[in-house]
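Let's take a walk through this fold by way of its charged pairs and helix contacts. Have the coordinates open and follow along.

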Amino acid sequence: MDRVDDILAQWNRERPDLDVGPMGLIGRIRRLSHHLSREMGRTFAAHGLTDASFDVLATLRRSGPPYRLSPGDLLATMMITSGTMTHRIDQLEKEGLVERIHNPDDGRSVIIALTKKGFALIDTTVTAHVATQKRLTAALSKKDKAALDTLLRKYLAAFEARRDGN
């Protein structure tokens, strides 16, 4: 039993005519998302980052050498507005974690690149982030993790297929 079960029991008592099963599923996903975000946010904060700044730095880091992307390529991975992206890059640049480099293929545009300081910070932070995620999933067996991952992949794919027009 969890808190969502209490809510479902109340609705079943008050509105037995409604199928509140989906409310349980979505309620648990939302509550888990809240708990997971809070815990991961603590890890980011311990390294002087926010979820948003971690996202930019991690995207650049996982892009591989030379750890540079166009603002458009960054934007495509994050599902945020270009104004929000510009603000994030401005903040990270002020902190010396990224730099804007003139695009050698198009002098009118720039490439966003990790600095040495940004590279070191994201490598340290992602190591801590992975440890946090391991701790947060430790309550599940290897088999449970695989089953949950399969179900969530299927569920998420249904939404993303609609978004992508498929």
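Asp123 is partly exposed, at 26% relative accessible area. Keep in mind as you look at it that this is a predicted model. Its partner is Arg61, and the two form a salt bridge whose closest N and O atoms are 2.7 Å apart. Arg61 sits in helix α3 (residues 51-62) and Asp123 in helix α6, so this pair ties together parts of the chain that are 62 residues apart in sequence. Arg61 is also partly exposed, with a relative accessibility of 25%. The cut-off for buried is under 20%, so at 25% Arg61 doesn't qualify.

Now zoom out from that pair to the two helices that carry it. Two packed helices are described by the angle between their axes and the distance between the axes. Here the axes of α3 and α6 come within 10 Å and cross at roughly 105°. That falls in the 65 to 115 degree range, so α3 counts as roughly perpendicular to α6. Which residues of α3 meet α6? On the α3 side they are Phe54, Leu57, Ala58 and Arg61. Facing them from α6 are Phe119, Leu121, Ile122, Asp123, Thr125, Val126 and His129. Both members of the salt bridge, Arg61 and Asp123, turn up in these lists.

Stay with α6, but slide along to Arg135. Side chains of opposite charge can pair when their charged atoms come close. The side chain of Arg135 meets that of Glu39 in a salt bridge, at 3.3 Å from N to O. Glu39 belongs to helix α2 (residues 21-46) and Arg135 to helix α6 (residues 116-136), so the bridge ties together parts that are 96 residues apart in sequence. Is Glu39 buried or exposed? Glu39 counts as buried, because its relative accessible area is 16% and the limit is under 20%. Arg135, on the other hand, is partly exposed at 47% relative accessibility.

Glu39 has further company. Its side chain makes a polar contact with the side chain of Arg42 at 2.5 Å, as well as the one with the side chain of Arg135 at 3.3 Å. Leave out the neighbours within four places in sequence, and Glu39 is in contact with Thr132, Arg135 and Leu136. Put the charged residues together and you get a network of salt bridges linking Arg38, Glu39, Arg42 and Arg135. Across the model, the salt bridge count comes to eleven.

Another of these pairs is Arg100 with Asp90, whose closest N and O atoms are 2.7 Å apart. Arg100 is in strand β2 (residues 98-102) and Asp90 in helix α5 (residues 82-94), with their positions ten residues apart in sequence. How exposed are they? Arg100 is partly exposed at 31% relative accessibility, and Asp90 is partly exposed too, with a relative accessible area of 29%.

Just ahead of α5, look at the loop that follows α4 (71-78), which is where you'll find Ile80. Ile80 is partly exposed at 22% relative accessibility. Not counting residues up to four places away in sequence, Ile80 touches Leu75, Met85 and Arg88.

Next comes Thr115, in the loop between β3 (110-114) and α6. Thr115 is buried, with a relative accessible area of 15%. Its side chain reaches the backbone nitrogen of Gly118 at 3.0 Å. Beyond residues up to four places away in sequence, Thr115 touches Gly96, Leu97, Val98 and Glu99.

Toward the other end of the tour is Ala146, in helix α7 (residues 142-163). Ala146 is partly exposed, with a relative accessible area of 44%. For a sense of spacing, try drawing a line from Ala146 to Arg62: their C-alpha atoms are separated by 24 Å, with the two residues 84 apart along the chain.

Finally, a look at the annotation. An unreviewed UniProt entry lists residues 22-157 as "domain: HTH marR-type". In the model, that span is 70% helix and 9% strand, and its end C-alpha atoms lie 18 Å apart.

Technical notes. Residues numbered from 1 in each chain as written. Predicted model: local features only at pLDDT ≥ 70, side-chain atom pairs only at ≥ 80, totals over all residues. Heavy atoms only, no water. Salt bridge = Lys/Arg side-chain N within 4 Å of Asp/Glu carboxyl O. Helix = DSSP H or I, 4+ residues; strand = E, 2+ residues; numbered from the N terminus. Buried < 20%, exposed > 50% of the residue type's maximum accessible area, 1.4 Å probe, protein only. Polar contact = N/O pair within 3.5 Å; in protein donor to acceptor, adjacent residues only side chain to side chain. Contact = heavy atoms within 4.5 Å. UniProt positions renumbered as here; feature names shortened; annotations may be inferred. Axes fitted to C-alpha atoms, helices over the stretch in contact; angles between N-to-C directions. Parallel < 35°, antiparallel > 145°, perpendicular 65-115°, else oblique.
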